[in-house]
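Please examine the following model with its sequence at hand. The explanation below proceeds from single residues to charged pairs, cysteines and empty space.

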Amino acid sequence: MTGGSARDRELSVVLEGYSFLECPRWRDGRLWISDFYTGRVVSTDAGGGAEVVARVPGQPSGLGFLPDGRALVVSMRDHRILVREHSGGLAEYADLSGSATGFLNDMVVDGAGRAFVGDFGFDLMGGAPLRYAALTRVDPDGTVTTAAEDLGFPNGMVVLPGNVLLVAETFAGRITAFDIGGDGGLSGRRVWARFGEAPRTRDVAEAIGLLQVAPDGICADAEGAVWVADALHGRVIRVREGGGIVDEIQAGTGVFACMLGGEDGRTLFLCTAPSFAEHERRDTREARLLAVRVDVPHGGLP
């Protein structure tokens, strides 16, 4: 591995006192971020101050931006995508209740304005058996299409140059790649990075015990590598195609999403909390946004 560890790279606190932060996105000099259990989307200039930019009673998750600059926000529990107009108001953009089999999850918007949205596939917090899920595409005209199926908890996503979509499959312990066609269709499905064998069990606790890496939120850098929040091991890892881990930063707490940003694209923001279980996070305010400097700047989308 290169680049050192948290012991020789200082982690700083950007924000604290939140419930569970997820899906950070750097845009126009500010980081946008969802706070699950307060129902808020906030933005920060990374200087410590925060502004509430949206209130989402259905629990905000994935964030993205359309080519015209309007923000899309996943409303997890009611299976909707909302659009934040330039005026700041929210409106329904798409209804995914006909395709989602669990709470909606993360989202990425490609350069053509197509939103790719994952969902849990099962009631994770309610203790249901593990079930694989589909990835849904929402086109700019509002059309909702199943883009891919049989994904092991599709979570963080990035679009690399050349229109390659990467999807973190948390409960399969891998990152899967697709080629995005001109019409938004996905083809060329392949494993981009594998972190051990995918657990062959429907028991969530057993699956968690078998995962070597649980890829949650991800972001790409200018060298085509991907920073991965390992949801089970309190770290982010930098991964190259093929699965080679070339860097690691231990956070000292759970890390569930990450994003490169800052003026030069070399600030890695980490969404941290002691755990991910809803009953442990809903009524606490222990989540923090941390930041650390890295060598290679941001690349790809978001």
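Is glutamine 59 buried or exposed? In this predicted model, glutamine 59 has a relative accessible area of 5% and is therefore buried, the limit for that class being under 20%. The residue belongs to the loop between strand S5 (50–55) and S6. Apart from residues up to four places away in sequence, glutamine 59 touches Phe36, Tyr37, Val74, Ser75, Met76, Arg77 and Arg282. Its backbone also deserves attention, for phi of glutamine 59 is near 80 degrees, a positive value in a residue other than glycine.

A second residue with this backbone feature is alanine 46, whose phi is near 75 degrees, again positive in a residue other than glycine. Alanine 46 is placed in the loop between strand S4 (40–44) and S5. With 33% relative accessibility, alanine 46 counts as partly exposed. The peptide bond between leucine 301 and proline 302 is cis, with omega about 0 degrees. Proline 302 is found in the segment after strand S25 (298–299). The background to these remarks is that most residues other than glycine have a negative phi, and most peptide bonds are trans.

The next step leads to strand S3 (residues 30–35), which contains isoleucine 33. At 0% relative accessibility, isoleucine 33 counts as buried. Beyond its neighbours within four places in sequence, isoleucine 33 is in contact with Leu21, Glu22, Cys23, Pro24, Arg40, Val41, Val42, Leu63, Cys271 and Leu289. Alanine 71 lies 38 residues from isoleucine 33 in sequence, and their C-alpha atoms are 12 Å apart in space.

One of the contacts of isoleucine 33 is glutamate 22, a residue of strand S2 (residues 21–27). What is the nearest side chain of opposite charge to glutamate 22? It is arginine 25, 7.0 Å away. Glutamate 22 is buried yet has no salt bridge, because such a bridge requires a side-chain nitrogen of Lys or Arg within 4 Å of a carboxyl oxygen. Leaving out residues up to four places away in sequence, glutamate 22 touches Ile33, Ser34, Phe36, Asp216, Phe256, Ala257 and Cys271.

Elsewhere charged side chains do pair, and a search of the whole structure finds 21 salt bridges. In one of them, aspartate 247 meets arginine 9 at 3.0 Å, N to O. Aspartate 247 lies in strand S21 (residues 245–250) and arginine 9 in the segment before strand S1 (12–18), so this pair ties together parts that are 238 residues apart in sequence. Both partners are buried: aspartate 247 has a relative accessible area of 5%, and arginine 9 has one of 11%. A further salt bridge joins arginine 137 and aspartate 139 at 2.8 Å, N to O, and these two residues are likewise buried. Arginine 70 and aspartate 68 also meet in a salt bridge, at 2.9 Å, N to O; here aspartate 68 is partly exposed, with a relative accessible area of 40%. In addition, Asp221, Glu223, Arg238 and Arg240 are joined into one network by salt bridges that share partners.

The cysteines may be considered next. How many disulfides does the structure hold? The number is zero. For cysteine 219, the nearest cysteine sulfur is that of cysteine 258, 3.9 Å away, so the pair does not meet the limit of 2.5 Å between sulfur atoms. Cysteine 271 is in no disulfide either, the nearest cysteine sulfur being that of cysteine 23 at 7.7 Å. Cysteine 219 is buried, with a relative accessible area of 1%, and cysteine 271 is buried at 0%.

The last topic is empty space. Rolling a probe the size of a water molecule over the atoms shows where such space is left. The largest pocket has a volume of about 280 Å³. Its lining comprises 19 residues, of which Trp26, Arg27, Phe65, Leu301 and Pro302 lie nearest its centre. The elements that contribute two or more residues to this lining are S2, strand S6 (60–65), strand S10 (104–109) and strand S22 (254–261). The cis bond described above thus reappears here, because it joins leucine 301 and proline 302, both listed among the residues nearest the pocket centre.

The structure also holds three cavities of 30 Å³ or more. The largest cavity has a volume of about 220 Å³. Of the 18 residues that line it, Leu124, Phe153, Asn155, Asp216 and Phe276 are the closest to its centre. Asp216 is also one of the residues that glutamate 22 touches.

Conventions:
Residues numbered from 1 in each chain as written. Predicted model: local features only at pLDDT ≥ 70, side-chain atom pairs only at ≥ 80, totals over all residues. Heavy atoms only, no water. Helix = DSSP H or I, 4+ residues; strand = E, 2+ residues; numbered from the N terminus. Buried < 20%, exposed > 50% of the residue type's maximum accessible area, 1.4 Å probe, protein only. Lys, Arg positive; Asp, Glu negative; His and termini not counted. Contact = heavy atoms within 4.5 Å. 1 Å grid on protein atoms, 1.4 Å probe; cavity = no way out; pocket = protein on both sides within 12 Å on 5 of 7 lines; lining within 4 Å. Points joined across faces, edges and corners; volume = space filled by probe spheres on them.
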